[in-house]
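This report introduces a protein model to a reader who has not met it before. Please view the sequence and the structure together before reading on.

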Amino acid sequence: MLAPKKQKFRKEFRGRSALKGKAYRGCYVSFGDFGLKALEAAEITSRQIEAARRTITHHTKRGAKIWIRIFPHKPITIKAAETPMGSGKGSVDRFVATVKPGRILFEVNGVEESIAKEALQKAAQKLPIKCKFVGKTV
């Protein structure tokens with residue numbers, strides 16, 4: 001699973017404004033020929049990213065170059081079951097990537113458009129948001 005090697009602080013606030021608005025960075029296909037674009041805002045876990053990556057790799061028969069354009073930097077904490085109120089913040093459970101609408105999640109290069117489209121659509125089914133297949137704009 002993806003997780004940061006090093007962090008300045010172990011725990012983080014959830015934040016409210018992280019999912020508001022549209023993505024202005026990372027909203028164009030830059031590296032590959034085809035991409036998967038997010039249409040909704042969400043927090044995508046490292047497990048979901050890995051599941052989508054494996055789907056793309058499997059469907060392209062390892063013949064494509066894949067770029068993962070999101071990274072789970074944000075730690076999400078959970079308190080143990082039946083813990084009373086107070087007693088501090090819970091321990092880190094997982095890492096998530098905050099995604100805004102318009103963000104490119106994955107890019108693919110080195111395969112035909114039909115194969116790339118099918119692979120990215122299957123990967124989109126593994127994610128908790130609506131996505132669309134996009135090509136490179138010149």
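Leaving aside its neighbours within four places in sequence, with which residues is serine 46 in contact? In this predicted model, serine 46 is in contact with Met1, Leu2, Pro72 and Phe95, once those neighbours within four places are left aside. Serine 46 belongs to helix α1. Its relative accessible area is 8%, and because buried means under 20%, serine 46 counts as buried.

The sheet is described next. Four strands form an open sheet in the order β3-β6-β1-β7, and their pairing is antiparallel. At the edges stand β3 (65-68) and β7 (131-135), each of which pairs on one side only. From one strand to the next, the twist averages 20 degrees. Strands of a sheet pair through backbone hydrogen bonds, in either a parallel or an antiparallel arrangement. Strand β1, which covers residues 34-38, is joined to β7 by five bridges in the antiparallel sense. Lysine 37 stands opposite lysine 132, a residue of β7.

Two helices lie across strands of the sheet, as the table sets out.

| Helix | Residues | Strands it lies across | Approximate angle |
|---|---|---|---|
| α1 | residues 46-59 | β3 and β6 (104-109) | about 20 degrees to β6 |
| α2 | residues 113-124 | β1, β6 and β7 | about 25 degrees to β1 |

Strand β6 is thus listed for helix α1 and also for helix α2. The edge strand β3 lies under the entry for helix α1, while the edge strand β7 appears with helix α2.

Methods:
Residues numbered from 1 in each chain as written. Predicted model: local features only at pLDDT ≥ 70, side-chain atom pairs only at ≥ 80, totals over all residues. Heavy atoms only, no water. Pairing = 2+ DSSP bridges. Helix = DSSP H or I, 4+ residues; strand = E, 2+ residues; numbered from the N terminus. Axes fitted to C-alpha atoms, helices over the stretch in contact; angles between N-to-C directions. Contact = heavy atoms within 4.5 Å. Buried < 20%, exposed > 50% of the residue type's maximum accessible area, 1.4 Å probe, protein only.
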